[in-house]
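This briefing covers the overall fold, the surface and the nonpolar cores of one chain. Please read it alongside the model.

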Amino acid sequence: MTNLINHKNDTNVLVIGASSGIGFSVAKTLSNYMNVTAFARREERLKILNEFGIQTKSVDVNDHIKFKESVEELVTNNGKITHAIYCSGIQKIKPLRSFIYEDIQQIFQTNLIGPTFFGSLMASKKISTKESVYCIVSSIAANKPEPGIVPYSVSKAGLDTLIKGMALELAPRRFVAVAPGWLSTEMTKEYSHIFNEEYVEKLDKKTPLGIVNISSIVNSIEFLISNNAKHITGQTLIVDGGSSL
């Protein structure tokens, strides 16, 4: 999906959490026809995006002071944000009894407090335009919690309320989310003892359209932030190949 935005110079896109996975792919794809800036914690991973004409900055979403300063600096240099995609997220998989306070705090800080705080910045007329679109990457875990990922599921469930609330309070700006099913990403590969070959084969067989890939999520984000979706706001688009049916 390309050329959804015809005037590259009229766009100022911020992708948050762009060092890998969905964030990296969406930043790279959008840079073909939009002006893109990528934020991520890992500076060495961001350098690759520079090759595609993408401006990058090493920023940790959990450092709210530096994060806010970086957003304001971006607006000063490039103009108001027209599109924002929040892709930062972390997951810890273990029984709930094994979670310590810091584990839960870290998950909520990155997955829910971060996008909420950024939403408060997008609410400012100094930061965004009236036509701005803010898209957050959620998960089907928001509506389908499973043992081992309860805090993660709760953090993602909060995003549904967040985008609905922002859509009501901050219109005509649009607020949307995309909820992928299971994906093969750097984050899931950290749990190869769980998401082994047998698990993937079984999931693929029972998913009507098969396991989703990152390109499908990127295509969905492109649609949601485009004028083709100009009357969609406060909604989460599930993209899981039917696995949650």
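What percentage of the 245 residues in the chain do buried residues make up? Buried residues (under 20% relative accessible area with a 1.4 Å probe, protein chains only) make up 49% of them. The model is predicted: local features need pLDDT of at least 70, side-chain atom pairs count only at pLDDT 80 or more, and totals for chains, interfaces and linings use all residues. Residues are numbered from 1 along each chain as its sequence is written, and side-chain values use heavy atoms, with hydrogens and water left out.

**Overall fold**
- The chain has eight helices and seven strands, taken as DSSP runs (H or I, at least four residues; E, at least two) and numbered from the N terminus.
- The C-alpha trace spans about 50 × 40 × 40 Å along its principal axes.
- Of the contacts (heavy atoms within 4.5 Å) between residues at least 6 apart in sequence, 69% join residues at least 24 apart.

**Nonpolar cores**
- The largest nonpolar core (buried Ala, Val, Leu, Ile, Met, Phe, Trp, Tyr and Cys joined through side-chain atoms within 4.5 Å) holds 32 residues, and Val15, Leu30, Ile85 and Ile221 touch the most other members.
- Elements giving two or more residues to this core include strand E1 (13-16), helix H1 (21-30) and helix H8 (214-225).
- H8 provides the largest share of this core, six residues.
- Another core, of 26 residues, lies apart from it and includes Val75, Leu121, Ile136 and Phe175.
- Beyond its neighbours within four places in sequence, Ile85 contacts residues including Val13, Val26, Cys135 and Ile225.

Methods. Buried < 20%, exposed > 50% of the residue type's maximum accessible area, 1.4 Å probe, protein only.
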